[in-house]
Amino acid sequence: MHKILILLLLIFLVNINLFSQNSELDRHRFIDDVRFGGGINIGAGNNYSTFSISPSAIYDFSDKFSAGLSATYVYVKNKSTVSRTTNIYGGSVLALYKPIRNMQFSTEFEQLKINQNIAFLNDADLWQSALYIGAEYVTGNISMGLRYDVLFDKATNIIYSSALSPIFRVYF
């Protein structure tokens, strides 16, 4: 009986020791692999002003692959010939692949709602989709490059004038 009690006590002490190695500080948390970033743009010209904000968050699945979500809001005021204001808002889903140290490839699906108020005319209210494929140079938290919209149609696209657009991303 005595040997059984000693054996149970030893098993209990080993379990306590093993359990104590698994502390809160040793656990990997989801938020540790999430990076936040985005961009802000303010522009002004003769009878023209614009403001945009694009916050985003990505999750690093590994050193090479990340994916995330982005939101976008753009306000444009144009008084050049006819006074008009445009509100653009929406979001996107993006994936980033970094095969080598300073090179990153990206793909992004963007869906934007365009609400345009034109003086003396009917308001325009429509959705616009884009599917981008891009290549970027990465240094630290910053990446710069070009992306191409494979869904671009010059006749129906009222936001962008070209399928090519620059990329400038900052994530912390």
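# A tour of the eight-stranded sheet and its pocket

Select strand 4 and strand 5 to begin: the two pair in the antiparallel sense over 15 bridges. They form a hairpin, with two residues between the strands. To check the register, pick Arg84, which stands opposite Ile118 in strand 5. The model you are looking at is predicted.

**Next, strand 6.** Select residues 124-139, which make up strand 6. This strand runs antiparallel to strand 5, and 14 bridges join the two. Two positions are useful for following the pairing across. Phe109 stands opposite Leu131 in strand 6, and Glu110 has Ala130 of strand 6 as its bridge partner. In a regular strand the side chains alternate between the two faces of the sheet.

**On to strand 7.** Add residues 142-149, which form strand 7. Strand 6 and strand 7 pair in the antiparallel sense over eight bridges. Look at Val138, whose bridge partner in strand 7 is Ser143. These two strands also form a hairpin, with two residues between them. Select Gly140 in the turn and read its backbone angles: phi is positive, at about 60 degrees.

**Then strand 8.** Strand 8 covers residues 164-170. It pairs with strand 7 in the antiparallel sense over seven bridges. Pick Leu146 to find its bridge partner in strand 8, Pro166.

**Now show the whole sheet.** How many strands form the open sheet, and in what order do they lie? There are eight, in the order 1-2-3-4-5-6-7-8, with antiparallel pairing. Strand 1 and strand 8 stand at the edges; each has a single partner strand, so one side of each is left without a neighbour in the sheet. Ignoring direction, neighbouring strands of this sheet are turned by 20 degrees against each other on average. Strands of a sheet pair through backbone hydrogen bonds, so switching on the backbone atoms is a way to follow the pairing.

**The largest pocket.** Its volume is about 840 Å³. Select Ser52, Ser54, Arg147, Tyr160 and Pro166, which are the closest to the pocket's centre of the 27 residues that line it. Pro166 is also the residue paired with Leu146 in the previous stop on strand 8. Which elements give two or more residues to the lining? They are strand 1 (34-45), strand 2 (48-60), strand 3 (65-78), strand 4 (84-100), strand 5 (103-118) and strand 8 (164-170). Strand 8 gives the most, with six residues. Colour the lining by residue type and it divides into 13 nonpolar, ten polar and four charged.

**Last, colour by confidence.** The protein chain averages a pLDDT of 86, and 84% of the residues score at least 70. Where is confidence lowest, and where is it highest? The lowest mean, 56, belongs to helix 1 (residues 2-20), and the highest, 95, to strand 7. Finish by selecting residues 16-20: the pLDDT over them is below 50, and beyond near neighbours in sequence this stretch has zero contacts in the model.

Conventions:
Residues numbered from 1 in each chain as written. Predicted model: local features only at pLDDT ≥ 70, side-chain atom pairs only at ≥ 80, totals over all residues. Heavy atoms only, no water. 1 Å grid on protein atoms, 1.4 Å probe; cavity = no way out; pocket = protein on both sides within 12 Å on 5 of 7 lines; lining within 4 Å. Points joined across faces, edges and corners; volume = space filled by probe spheres on them. Helix = DSSP H or I, 4+ residues; strand = E, 2+ residues; numbered from the N terminus. Nonpolar A, V, L, I, M, F, W, Y, C, P; charged D, E, K, R; others polar. Pairing = 2+ DSSP bridges. Axes fitted to C-alpha atoms, helices over the stretch in contact; angles between N-to-C directions. pLDDT = per-residue confidence, 0-100. Contact = heavy atoms within 4.5 Å.
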